[in-house]
Amino acid sequence: MANIINLDRVSKGYGAAGQLLTDVSLGLDDDARIGIVGLNGAGKSTLLRLLAKSEEPDSGRVTHRRDLRVATLPQTLDLAGELTVRDVVLGTAWLPTSMGAEHEWAGDAGVREILDGLGMPYLGLDTPVGPMSGGERRRVALAALLVRESDLLILDEPTNHLDVAGVDWLARHLVTRRGALIVVTHDRWFLDAVCTATWEVADEQVHTFEGGYAAWTLARVERQRVAAVIEARRQNLLRKEIAWLRRGPPARTSKPQFRIDAANALIADVPPVRDKVSLQRLATSRLGKQVYDLEDVTLNAGPKTILDGLTWQVGPGDRFAILGANGAGKTTLLRLLAGLSTPEGGRLVTGSTVRAAFLSQELKELPGDLRLLEAVEEVAKRVKLGDRELSAGQLAEVFGFTDKRIWTPVSDLSGGERRRLQMLRLLATEPNVLLLDEPTNDLDTDTLAALEDLLDSWPGTMIVASHDRYLVERVTDTAYGMFGDGRLVHLPGGIDEYLARAASRPGSGVAPAPGVPKETAAGLSAGDLRQARKDLTRLERQLAKLEERIVKINEKLGEHGSDYDKIMELDAQLKAAQQERAEVEEAWLELAEQVPGN
């Protein structure tokens, strides 16, 4: 291994934003796979520009290996409207001169594979760029980088505008790609799937860690415990994050096997991420028995049929994830439940006690003439969330707004901060039903962890449409898929089942993993693969039943607190169920290793 880039005592700052980096020294190997994390505004994108030499440091030096080919996807880009997809992907319309037009395999078929993988099977090579959305232009630009060989690929938020299948395809493509990689993203599943090291930008420095997001989270907890200078609330939040990382087979399979004994020691006294029984009880008391009943509902978006004769029930305390490609109709469904539209056929019955809050993808008009704290207090000065009562200032702190920042005028907030304020004001209304459309947009990893911790203890019904795999697995219990055929399909296997079903549908636009045929994987015939997937689904159902049994036994333990004999009997049943769950989890893990997409 040899360094292809070196930073020697580099410093960089901007007038109003202040100093971002001070005396940073780093080296980048030729096969490095680095994920960069940090709070919004900490200097992540600035570090990328310095590494790419698209911006010069205020002091210090950035050196590149001679003839280094650097391919960069910035957060914002400008493509001329008269260009076609072919001009952008195969030409040199916007690429740096160091990249040139070298592309050994980038014929029409190669470009087609990448465009399909990024969720754009409908684009032809002669399609003009002008009418495209910003998200489509960004994905076309990403395709231009992926068709070429480069020594270093620098990607700033590459998962923005990708659906869950596109994120999965991109992760697999990058894992098999040669050369070094640096990526800034808030998608924590993506960081774990792709990166072998993490750089944290904080306090004007860059701290380096081995491993992806999960390993970085553990390292931070260990560092905090040794230093003993971080307040207890933040410590507990990170330890709870570790607890989730180590619980549940679908969550564990994509995480590296890092220092298991240390992780178990850290979470020994941490309670489960969610107390489902207590939350269900609270949700029922707040909502009654009825939330949403859809009876033979037909729903259209213009000429396109989104739902065709759907019958579906949403009850108190349900936590549903809605999965689907861009344009499948997830937002349209949420708007229906929010009362912003009506079905073309059938009937939607909403419970009389439902107070729904809908977080849309658009930034709603915020009171720009108020300061941040005033904008929250305009909705409520104190907020009760489950068993927690918070002042407006405390709620703002949960969303990453410091004491100084809460007095910032709303008109001066960044896009990410405005998104956080939008969510904050939504929760301040104390809804009992949350309808969240891509809630992770523009949020950094620390804010996401805090948001998830808040949602873990939130007693109500929650329906989330998101491409953020980590969030979906963390805060929801049940997944449904929309595949463009007018149905809402229950997915017991969660995102993995969604990806498998989507890839097997003709014209779905979901590409198989790079180098892996749709119906076969290394070591498995097509028949064996289908059987393995069936076995995975069976094991997942078995796990769900065991979880229900364990919950019921715990309930009975609480009911028979004074009956010693009964407690001993129930304790034996509990241990047996937990042992069986561990065995089923182990079988799931072994089988999942053999099946692509797990």
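This is a short tour of some salt bridges and one helix end in the structure above.

Before you start, note that the model is predicted, so local features need pLDDT of at least 70 and side-chain atom pairs count only at pLDDT 80 or more, while totals for chains, interfaces and linings use all residues. Residues are numbered from 1 along each chain as its sequence is written, and side-chain values use heavy atoms, with hydrogens and water left out.

**Stop 1: D456 and R474**

Show the salt bridges (a side-chain nitrogen of Lys or Arg within 4 Å of a carboxyl oxygen of Asp or Glu); the structure holds 25 of them. Select D456 and R474, whose side chains meet in one such bridge at 2.6 Å, N to O. This pair links distant parts of the chain, 18 residues apart: D456 lies in helix α16 (residues 445-456), and R474 in helix α17 (residues 469-475). Helices here are DSSP runs of H or I with at least four residues, numbered from the N terminus. Both D456 and R474 are buried, where buried means under 20% relative accessible area, exposed means over 50%, and partly exposed is in between (1.4 Å probe, protein chains only).

**Stop 2: E497 and R501**

Next, select E497 and R501. Their salt bridge has its closest N and O atoms 2.9 Å apart. Look along helix α18 (residues 494-504): the two residues are four apart in the helix, so about one helical turn separates them. Try colouring by accessibility here: E497 is buried at a relative accessible area of 13%, whereas R501 is partly exposed at 30%.

**Stop 3: D571 and K575**

Now go to helix α20 (residues 564-592) and pick D571 and K575, which are separated by about one helical turn because they are four residues apart. Their side chains form a salt bridge at 3.4 Å, N to O. D571 is partly exposed, with 27% relative accessibility, and K575 is exposed, with 52%.

**Stop 4: A592**

Stay with helix α20 and select A592, which is found in this helix. Is A592 buried or exposed? At 1% relative accessibility, A592 is buried. Add L536 to the selection and draw a distance between the C-alpha atoms: A592 and L536 are 56 residues apart along the chain, and these atoms are separated by 7.2 Å.
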